[in-house]
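This report concerns the contact between two chains and the charged pairs within them. The structure is shown first, and the discussion follows.

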Amino acid sequence: MVLILLALACLKPTPPVEAGGGRPLLVVNVLDAASDAPAVDAPERFDGAVLDAVSRRKLVPVLLQSEGELAGVQGSRETGPRLLALAPAAAGAPLLLVETRPVYYSELNGQYRWTVGVVLTLQGAATPATRSFDVPVFLQYHHQREADAVDAAAPVVARKVGEVLDGWLGGGG
Amino acid sequence: MILLVSLALAADVGGYVRVMTRPDLEGGDGRLGYWNLYGRLLNEGPYAALELRQDILDQKPGTLQPWTDVHAKIEGGTVANADAGGGSLAWMKLSQVYVQAGNIGLRDVTWRLGTLEQNYGDLGLYDMKPTLLLADTLGAQGRYRSDRLEITAGLGDAGWSMKPDQYNTIFTGALSARVNLADHFEVGVGAQGYLEPMVLGNQNAPHTTPGLTYEDWVRGQVVESWVQDHPGQLSEFPNPEPTGAESGKAVAYLGGGGFGPWRWSTVYASYAQLHPRGFVEETYEGETVALYVGGLTDERTQLFVGTETQLALVPDRWDLVLAGLYGDNRDADNDITPSDDDRTFMSAVVRTQVYVSPVVHLLVESSLAEEVSHNGNTYRNHKDSIFASTDGAADGDGLEVGDSDTRVTWQGKGGIVLNPLGPGIYTRPSLRLLYGVQYSTQNNAFGNSFVETLDQYNDFGNVERHWHNVVALETEAWF
């Protein structure tokens, strides 16, 4: 059993494309609740997972908080207007916008299922790269809500962020 | 089928699967013990659930536009090649169908019509839901939910759920409320009541047959006794008298945590007055008589208290979960024979998981449980206990079974867990290779196919076994 454990634990994942060359990448993570509550920044753990995926590709992430001077991000729920609102802050630098939309699904055999809709937009090349997908997540407790759902989706979102960045960097971005 | 339909509709499909193989070289059916009181791990069988959600009007973030969706859920405890059911759809049921709508009439209120459900959570190590309300009801429900407060009210009919073969309308309603304080503490209470009104002329409505005694009923000798007292007058057997029936359940919930290694603790409590039963049939000399046993089943109560605490001893390296429960079932009508409605049970379970790497974990769990019958012996501690009943002695007319009123069970489990999504005792999917061992004071305390008779013509012999070992290869996933 010990040998099996060691063998399994020593399996290393494929390394990411490390062609970032130390360039800065602006990152904005947004949480859009299904209610009429205003958009807010994604929770810290989620931010950490996304920033880690960026850093591992030799890019230097710069996290922009959507509050304050970036109020335009909160003012709209659409990707296009948000990119326009972020343009002054980006000042031509590559930008990664991660929009998350958690929706409660139901209690499913002892866990609370949420569906986190995600829209990734990478504005770095001539044509922005966009990827939309849903992440089903399961929360154990009744009191856990939108922020916990987004946190729980972090591993999957970080992997997708990596795929988008790999595609961009692999294409000479 | 439902999967194909849902895919065709591009619906959101969720579900749960649990499937395992547990070769049992000691004659068992693959489960370590009898039930979840010893922890759900290795004591549960296969299960599959598929839920479909179809948005009709989807929720628009940042708006108060109306939204509505349809849910349907099919589930059952069988999977091909894993149990006797063979994955048959006949073992599955369409357990939930409902339509939800929001932003209609009242802000932050979700309306639901169809099958209902209200619950404050799960005792994860036991897979039990002590605070479940309305799960037996088809009706309408409204739920107000804000960041700190949730109020749910529902009403409907529980007749088909509670008396599927003897349907009669059972009005039911429930009200519950939960308050969250500063993200670190919350409290919830709720109650559900049932009312089955008297309906003259309806054989499925509540009635009481006069003169029934509990002992005659459990022996199946009500009619026989009556005929002995009234020779030749079977046609004069007393008619049932119409009545009404009420029952109810109250629940409470406390939760707290979020400080350092203390992730969260829950305490659930419930107290239920069970609904009286309808009628049973007894046949004597070719004559079948319906006996309305509502008067013999209207004093059954169930108290349940359960708790669970999750600790992150070393974040992302070592987690611990502690759980315990206490149950006290009482049946004031029954003072003579052991039954599940008249017993006390208690249990403690501890599970720890060490994360060798993010995906490779070591799991160890142990449980200790005691079950005590209030009405005498009900457990056979030895292979020849079939001759023992009342006070452990042979009694052909005895209502007890075996030589003990107490069963004590210990279980230990351990093995390797692979979690592709990383650390977490409740993170799924999990692929597990486990070994479990049980010691019980009861002989052969697990599902088995042993021949128990002590008849001299028993070709298979009898086995005395208090230890039970199981190796399991299993997987569990929510999706």
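Is Arg432(B) buried or exposed? In this predicted model, Arg432(B) has a relative accessible area of 6% and is therefore buried, the limit for that class being under 20%. Glu476(B) is likewise assigned as buried, at a relative accessible area of 2%. The side chains of these two residues, Glu476(B) and Arg432(B), form a salt bridge with an N to O distance of 2.4 Å. Because Glu476(B) belongs to strand 22 (residues 467-478) of chain B and Arg432(B) to strand 21 (residues 430-440) of chain B, the pair ties together parts that are 44 residues apart in sequence. Salt bridges with shared partners link both residues into one network, whose members also include Arg18(B), Arg40(B), Asp127(B) and Glu474(B).

**Salt bridges**

Over all chains, the structure holds 37 salt bridges. Four of them are set out below.

| Pair | N to O distance |
|---|---|
| Glu476(B) and Arg432(B) | 2.4 Å |
| Arg82(A) and Glu99(A) | 2.9 Å |
| Arg145(A) and Glu150(B) | 3.5 Å |
| Glu75(B) and Lys73(B) | 3.7 Å |

Arg82(A) and Glu99(A), whose closest N and O atoms are 2.9 Å apart, sit in helix 4 (residues 79-90) and strand 4 (residues 95-108) of chain A respectively, so their salt bridge ties together parts 17 residues apart in sequence. Both of these residues are buried. Glu75(B) and Lys73(B) are both buried as well.

**Contact between the chains**

Chain B contributes 47 residues to the contact and chain A contributes 33 residues. The area buried between the two chains is about 3,400 Å², with carbon and sulfur atoms giving 54% of that area. Pro61(B), Arg145(B) and Trp478(B) supply 17% of the area that chain B buries against chain A, more than any other three residues.

Three salt bridges are counted between chain B and chain A, and one pair that meets in this way is Arg145(A) with Glu150(B). In addition, 20 residue pairs are in polar contact across the interface, with both residues at pLDDT 80 or more. Elements giving two or more residues to the side of chain B that touches chain A include strand 1 (12-21), strand 8 (171-181) and strand 20 (406-418) of chain B. The residues on that side of chain B comprise 19 nonpolar, 13 polar and 15 charged.

**Confidence**

The model scores ipTM 0.88 and pTM 0.90. For chain B, the mean pLDDT is 93, and 98% of its residues reach 70 or more.

Notes. Residues are numbered from 1 along each chain as its sequence is written. Chains are lettered from A and ligands numbered from 1 in the order in which they are written. Side-chain values use heavy atoms; hydrogens and water are left out. Contact means heavy atoms within 4.5 Å. Buried area is the accessible area (1.4 Å probe) that two parts lose on being put together, summed over both. A salt bridge is a side-chain nitrogen of Lys or Arg within 4 Å of a carboxyl oxygen of Asp or Glu. A polar contact is a pair of N or O atoms within 3.5 Å; within protein, one must be able to donate a hydrogen and the other to accept it, and residues adjacent in sequence count only if both atoms are side-chain atoms. Helices (H or I, at least four residues) and strands (E, at least two) are DSSP runs, numbered from the N terminus. Ala, Val, Leu, Ile, Met, Phe, Trp, Tyr, Cys and Pro count as nonpolar, Asp, Glu, Lys and Arg as charged, and the others, Gly among them, as polar. pLDDT is the predictor's confidence in each residue, from 0 to 100. Buried means under 20% relative accessible area, exposed over 50%, partly exposed in between (1.4 Å probe, protein chains only).
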